[in-house]
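Trainee: I would like to go through the labels used for this structure and see what stands behind each of them. Could we take them one by one?

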Amino acid sequence: MADYQLRGVHGQTVATLAARILAGEIPEGATLDLLALREELDVSLTALREALNVLSAKGLVDARQKRGTFVRP
């Protein structure tokens with residue numbers, strides 16, 4: 001994740017969320033509350049969604065209709 005650290009708000013959001021997931025602060029199977037994360041990280045919803053798209057591509061999170069965005073095992 002080091003290559004994302006210098007990419008502004010988007011990169012910092014990716015790095016922060018990835019670190020929390022890998023450290024177990026956000027456990028596997030947990031559903032992410034986007035509005036709470038947006039407020040906690042003080043980022044726009046757009047930046048948060050873009051970060052989640054990166055994490056989804058890396059296999060850390062998944063989004064399903066009627067279930068939301070959750071941490072993959």
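Mentor: Gladly; below we set values against cut-offs, keeping in mind that this is a predicted model.

Trainee: Let us begin with the helices. Why is α1 called oblique to α3?

Mentor: The axes of α1 (residues 8-23) and α3 (residues 45-57) cross at roughly 55°. Angles under 35 degrees count as roughly parallel, and 65 to 115 as roughly perpendicular. An angle of roughly 55° falls in neither range, so α1 is oblique to α3. The two axes come within 9 Å, and the crossing is right-handed.

Trainee: What makes this a contact, and which residues of α1 and α3 meet?

Mentor: Contact here means heavy atoms within 4.5 Å. On the α1 side the residues are V9, H10, T13, V14, L17, A18 and I21, and they meet A47, L48, E50, A51, L52, V54 and L55 of α3. The residues of this contact divide into 11 nonpolar, 2 polar and 1 charged.

Trainee: Staying with α3, how do you know whether A57 is buried or exposed?

Mentor: A57 lies in α3. Exposed means over 50% relative accessible area; A57 has 70%, so A57 is exposed.

Trainee: Now the charged pairs. What makes R20 and E40 a salt bridge?

Mentor: The limit is 4 Å between the side-chain nitrogen and the carboxyl oxygen. For R20 and E40 the N to O distance is 2.6 Å, so the pair qualifies as a salt bridge. R20 lies in α1 and E40 in α2 (residues 34-41), so this pair ties together parts that are 20 residues apart in sequence.

Trainee: How many salt bridges does a search of the whole structure find?

Mentor: The search finds 2. Besides R20 with E40, D62 forms one with R64, and their closest N and O atoms are 2.9 Å apart.

Trainee: Why is D62 called buried?

Mentor: Buried means under 20% relative accessible area. D62 has 15%, so D62 counts as buried.

Trainee: Finally, the loops. What is notable about phi in D42 and K66?

Mentor: D42 is not a glycine, although its phi is positive at about 55°. K66 is also a residue other than glycine, and its phi is near 70°. D42 is found in the loop between α2 and α3, while K66 lies in the loop between β1 (61-64) and β2 (68-71).

Trainee: And how do you know that D42 is exposed?

Mentor: The relative accessible area of D42 is 69%, and exposed means over 50%. K66, at 88%, is exposed as well.

Conventions
Residues are numbered from 1 along each chain as its sequence is written. This is a predicted model: local features need pLDDT of at least 70, side-chain atom pairs count only at pLDDT 80 or more; totals for chains, interfaces and linings use all residues. Side-chain values use heavy atoms; hydrogens and water are left out. Axes are lines fitted to C-alpha atoms, for helices over the stretch in contact, and angles run from 0 to 180 degrees between N-to-C directions. Helices (H or I, at least four residues) and strands (E, at least two) are DSSP runs, numbered from the N terminus. Angles under 35 degrees count as roughly parallel, over 145 as roughly antiparallel, 65 to 115 as roughly perpendicular and the rest as oblique. A crossing is left-handed if the near helix is turned anticlockwise from the far one by less than a right angle, and right-handed if clockwise. Ala, Val, Leu, Ile, Met, Phe, Trp, Tyr, Cys and Pro count as nonpolar, Asp, Glu, Lys and Arg as charged, and the others, Gly among them, as polar. Buried means under 20% relative accessible area, exposed over 50%, partly exposed in between (1.4 Å probe, protein chains only).
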